[in-house]
Amino acid sequence: MSENEQRRLLKERRSIRRYDSRPIEEEVLTEIFEATRWCWSAVNRQPWKFLVIRNKELISKVAKECTTGTFAAEAPVLVIIVGDVEAQPNWYLQDTCFASLQLALAAWTFGIGTCFIGNINRDKVKKLLNLNQNDYLLTVLPLGYPYGDIPEPRPRKSLEEIVEYFD
Ligand SMILES: Cc1cc2nc3c(=O)[nH]c(=O)nc-3n(C[C@H](O)[C@H](O)[C@H](O)COP(=O)(O)O)c2cc1C
């Protein structure tokens, strides 16, 4: 990837909420996780797990619990990111958030879209997946090739609004 393409990756990724039913190739999925596992984390503890759901019935059950992301039902793959609170009580939230972005960017390099779903009935999903009460369910990331056009970018704050130099 040229420098220009790397920069475009960061600027042109969009949240994707409509997915083609085309499955994601096994090798591609592996490559996405391979790139994700190089994410940074506090004291390199890597307090994360990625649960991959491809079973249609389970996808539909989990999607029903995504209150602001029922579109997840259409995705061929759901990735649930779980933080190990015991292993990293101070930074599990930051670490898993970073991992979610790394995963989203890695997926985008393969033309695969996702969307961070924030509002989830976490206890219900944890029950469906037999997760530990102590585990933190960060997000459900639906993965899929985009269906239709890539959405127009949402507006961003200007540089003047967000960057302040102290020279
Ligand atoms: C912490 C967080 C929570 C989010 N929750 C949701 C959500 O529940 N449902 C949804 O459709 N999008 C959700 N989003 C996606 C944002 O709406 C989206 O990233 C933002 O509007 C910018 O659009 P873009 O990602 O296409 O650049 C969430 C994003 C983040 C980072």
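In this predicted model, T36 is buried, with a relative accessible area of 0%. The residue belongs to helix α2. Its side chain makes a polar contact with the chain itself: the backbone oxygen of I32 is reached at 2.7 Å. Zero accessibility places T36 under the 20% limit for a buried residue, so the assignment follows directly from the computed area.

Helix α2 spans residues 26-36, and the loop after it runs to β1, residues 48-53. Two residues of this loop have unusual backbone signs to report. N44 lies between α2 and β1. Its phi is near 55°, a positive value in a residue other than glycine. Q46 is placed in the loop between α2 and β1 as well. Its phi is positive too, at about 50°, although Q46 is not a glycine. Q46 is partly exposed, with a relative accessible area of 35%.

Charged side chains were examined next. The count of salt bridges comes to five. Side chains of opposite charge can pair when their charged atoms come close. Three of the pairs are described here, beginning with R8 and E12.

R8 forms a salt bridge with E12, and the closest N and O atoms are 3.2 Å apart. Both residues sit in helix α1, which covers residues 3-12. They are four residues apart, and therefore separated by about one helical turn. R8 is partly exposed at a relative accessible area of 45%. E12 is partly exposed at 39%.

A second salt bridge joins the side chains of E25 and R22, with an N to O distance of 3.3 Å. E25 has a relative accessibility of 29% and counts as partly exposed. R22 is partly exposed too, with a relative accessible area of 41%.

The side chains of E26 and R54 meet in another salt bridge, at 3.0 Å from N to O. This pair links distant parts of the chain, 28 residues apart. E26 is in helix α2. R54 is in the loop between β1 and α3, the latter being residues 56-64. E26 counts as partly exposed at 47% relative accessibility. R54 is partly exposed, with a relative accessible area of 42%.

The ligand is surrounded by 13 residues. S15, R17, T68, F116 and R156 come nearest. By residue class, the shell divides into four nonpolar, four polar and five charged residues.

Polar contacts to the ligand involve both side chains and backbone. An oxygen atom of the ligand is 2.5 Å from an N or O atom in the side chain of T68. T68 is also among the residues that come nearest. An oxygen atom of the ligand is 3.0 Å from an N or O atom in the side chain of R13. The backbone contributes through G118, where a polar atom lies 3.0 Å from a ligand oxygen. On its own, the ligand has 620 Å² of accessible area, and the protein covers 64% of this.

S15, one of the residues nearest the ligand, also serves as a reference point for P153. The C-alpha atoms of P153 and S15 are separated by 9.1 Å, while the two residues are 138 residues apart along the chain. P153 lies in the loop between β3, residues 136-143, and α6, residues 159-162. P153 is exposed, with a relative accessible area of 53%. This value is over the 50% limit that defines an exposed residue.

The surface also carries a nonpolar patch. L159, I162, V163 and Y165 make up this patch, with an area of about 470 Å². Helix α6 covers residues 159-162. Y165 is found in the segment after α6. Y165 is exposed, with a relative accessible area of 68%.

Note on methods. Residues numbered from 1 in each chain as written. Predicted model: local features only at pLDDT ≥ 70, side-chain atom pairs only at ≥ 80, totals over all residues. Heavy atoms only, no water. Near = heavy atom within 4 Å. Polar contact = N/O pair within 3.5 Å; in protein donor to acceptor, adjacent residues only side chain to side chain. Areas by Shrake-Rupley, 256 points an atom, 1.4 Å probe, with all protein chains shown as cover. Nonpolar A, V, L, I, M, F, W, Y, C, P; charged D, E, K, R; others polar. Buried < 20%, exposed > 50% of the residue type's maximum accessible area, 1.4 Å probe, protein only. Patch = residues over 30% accessible without salt bridge, like charges linked within 9 Å, V, L, I, M, F, W, Y side chains within 5 Å. Salt bridge = Lys/Arg side-chain N within 4 Å of Asp/Glu carboxyl O.
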